[in-house]
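Me: I should like to learn how the features of a structural model are read, one at a time. Could we work through an example together?

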Amino acid sequence: MSTGAPAPAAPEAAVPAAAPAPAAVAAPEPPARRWADEVLYFVVLDRFADGDAANNVKVDKKAPGAFHGGDFKGLREQLDELSSLGVTSLWITPVVKNIDGFVTGAGFPDWGYHGYWADDFNQLDPRFGTEQDFKALVDACHERGIRVLLDVVYNHPGYNSRYLKAPETKGWLRSEEKGTCGQDDLTSCVSGLPDFKTEQPEVAKYLLDAQISWGKRSGVDGFRLDTVKHVDHPFWQEHRRRTREELGKDFFLLGEVWGGDRESLDPWFVNDEMDAGFDFGFQGNALAWALGRGRTVAFDSYLRSRHKVRKGYHLSHFLSSHDVPGLLFQLKGDVSRFRLAAALQLTTSGIPVIYYGEEVGRPGGDWPANRSDMPWGSRAVQPGAGLKRDEALRGFYQKLITVRRAHPALSRGTHKGLATEGDVYTFLRHDAESGDAVVVAVNRGEKKASASFPWPEAWSGVDAEDLLDGSRLTAAPTMDVTVEPLSVRILGRAR
């Protein structure tokens, strides 16, 4: 739910010499990259990289609930980590001023290092840096062709926030202290946090003015919307109108509807309140299949169902996040099976989200371990200097991302199961617009296995190439693909 923690309770043409010089013609701008083609990287700002020790306040790297020092400058200094991986978009946690105090309901002191416990929506948290630092980060990302999504919260401020006490705002909130929390999604106090009465025009305008101002001043490309179902539809419709009018018609909105899937997200798509939403079912389905639970045909059916999302809108899928136990943790550290899940994530439809560090084997864990520091290995980058990294896993991610970005079939193509029984799952992705087609074969079994199916028509009898290792398959009426145990092959038309 992104509330920060569980509830406290738990050639050039010739021109005649006499002719006047031709007017300069501006080169046409390249078409904007489609959001369907993005590979999104999600960072908990405080846990990634500390670039300015001067803004460290009450930093304690050993305490799971304390600030660890990550900031705008640190993230900007480590953007090579993202661009060399191949990601195209960055999502960062909220950056507004959070409450100064802590809560203890988790069993230990827990501060607002994650950004979801706002105390002033019109100020940046100084522990992350200045407005100039924020803008410099966004500009540096744009120089690398990386878009930026800013996480914004409209549903609630932090525990004991000043909004609860200031005479001009205390009437804006429902709270447990006042006994005014409701029982439904719109009026409940999520995790015991004070609930903004966003249905009131004055409250809605204040919050919208604040967040849209940050959008304008920073130049971010979109918002990740927190706790969407806890704010009413009229608010989100006004939000969409204002962001398009004030931040640009292509300003992207990715919403978190807790537990969301294609069907439950549709009420926000049908009224064009956001562009994309998280498919919470992907992690569990990928986990179960990788572990050998359930039939392959059922997993294929799930993946096909994701293509039924309303036209023009997107699902976004993750293996790990700040709110759920990481997939590698749930796999008990089995990197081979984690690689299978990563391959499936990056070869199926939807906007994939890579949660910081999972690409280098950050173990994660259940909360709060799922928000541990980014591992930097031998590099002297705080707060995660010395933490072990799996560079081989990162290299695998680089290959997968390179293949995805080179093949539009993987991000916007149709999905067709080719072999959906047993442990070798094989499917075809085909993009009619570009003519691109890719075959993916994943073996979750512990023995070498094969699958056979007709040679893809889109390849027109041309040889195939393994896009991961460069090996070739000779064109034939039938394609026979052999896959090593716990391995994946991604095949494309040979060039």
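Reply: The dialogue below treats open and enclosed space, nonpolar cores, ring contacts and backbone geometry in this predicted model.

Me: Let us begin with empty space. How is it found, and how much space lies in the largest pocket?

Reply: Rolling a probe the size of a water molecule over the atoms shows where empty space is left. In this model, the largest pocket holds about 660 Å³ of space. Its lining comprises 30 residues, and those closest to the pocket centre are Ala36, Gly312, Tyr313, His314 and Arg412.

Me: Which helices and strands each supply at least two residues of that lining?

Reply: Two helices, α5 (233-247) and α12 (408-412), each do so, as do the strands β11 (314-318) and β14 (424-431). The chemical make-up of the pocket lining may be read by class: 14 residues are charged, eight are polar and eight are nonpolar.

Me: What is the volume of the largest cavity, and which residues lie nearest its centre?

Reply: A cavity differs from a pocket in that the probe fits inside but cannot get out. The largest cavity has a volume of about 80 Å³. Of the 14 residues that line this cavity, Trp91, Arg224, Phe318, Ser321 and His322 lie nearest its centre. Seven residues of the lining are nonpolar, four are polar and three are charged.

Me: And what lines the second largest cavity?

Reply: The second largest cavity, with a volume of about 70 Å³, has a lining that includes Ser320, Ser321, Tyr355, Glu358 and Arg362. By class, the lining has four nonpolar, five polar and two charged residues. Ser321 thus appears in the lining of the largest cavity and in that of the second largest.

Me: I turn to the nonpolar interior. How many residues does the largest nonpolar core have?

Reply: One looks for buried nonpolar residues whose side chains are joined by contacts. The largest such core has 129 residues, and Tyr41, Phe48 and Phe223 have the most contacts inside it. Helix α4 (residues 201-218) gives this core its largest share, eight residues. Another core lies apart from it and has 16 residues, among them Ala419, Ala441, Trp459 and Leu491.

Me: How many aromatic pairs are found in the whole structure, and why does the pair of phenylalanine 338 and tyrosine 397 count as tilted?

Reply: The search finds 33 aromatic pairs. The geometry of a pair is read from the angle between the ring planes, where under 30 degrees is stacked and over 60 is edge-to-face. The planes of phenylalanine 338 and tyrosine 397 stand at 40°, with ring centres 6.4 Å apart, so this pair is tilted. The two rings join distant parts of the chain, 59 residues apart: phenylalanine 338 belongs to helix α10 (residues 335-345) and tyrosine 397 to helix α11 (residues 391-406). Phenylalanine 338 is buried because its relative accessible area is 0%, and tyrosine 397 is likewise buried at 0%.

Me: What is the geometry of the pair formed by tryptophan 455 and tryptophan 459?

Reply: That pair is edge-to-face, with 5.8 Å from centre to centre and 75° between the planes. Both tryptophan 455 and tryptophan 459 are buried. Elsewhere, ring pairs link Phe42, Trp91, Trp258, Phe278, Phe280, Phe318, Tyr355 and Tyr356 into a cluster.

Me: Where does a charged end sit over the ring of tyrosine 163 or tyrosine 355?

Reply: The charged end of arginine 162 sits over the ring of tyrosine 163, 4.6 Å from the ring centre. Arginine 362 places its charged end over the ring of tyrosine 355, at 4.9 Å from the centre. Both Tyr355 and Arg362 also line the second largest cavity.

Me: Finally, the backbone. Which residues are joined by a cis peptide bond?

Reply: One such bond joins tryptophan 367 and proline 368, with omega about 5°. Another joins glutamine 382 and proline 383, also with omega about 5°. Proline 368 lies in the loop between β12 (351-355) and α11, and proline 383 lies in the loop between β12 and α11.

Me: Lysine 58 and serine 191 have a positive phi. Is each buried or exposed?

Reply: Lysine 58, with phi of about 55°, lies in the loop between β1 (40-43) and α1 (72-77). Its relative accessibility is 58%, so lysine 58 counts as exposed. Serine 191, with phi near 55°, lies in the loop between β6 (173-174) and β7 (195-196). Serine 191 counts as buried because its relative accessibility is 18%.

How values were computed. Residues numbered from 1 in each chain as written. Heavy atoms only, no water. 1 Å grid on protein atoms, 1.4 Å probe; cavity = no way out; pocket = protein on both sides within 12 Å on 5 of 7 lines; lining within 4 Å. Points joined across faces, edges and corners; volume = space filled by probe spheres on them. Helix = DSSP H or I, 4+ residues; strand = E, 2+ residues; numbered from the N terminus. Nonpolar A, V, L, I, M, F, W, Y, C, P; charged D, E, K, R; others polar. Core = buried A, V, L, I, M, F, W, Y, C linked by side-chain atoms within 4.5 Å. Buried < 20%, exposed > 50% of the residue type's maximum accessible area, 1.4 Å probe, protein only. Phe/Tyr/Trp six-rings, centres within 6.5 Å; stacked < 30°, edge-to-face > 60°. Lys NZ or Arg CZ within 6 Å of the ring centre and 35° of its normal.
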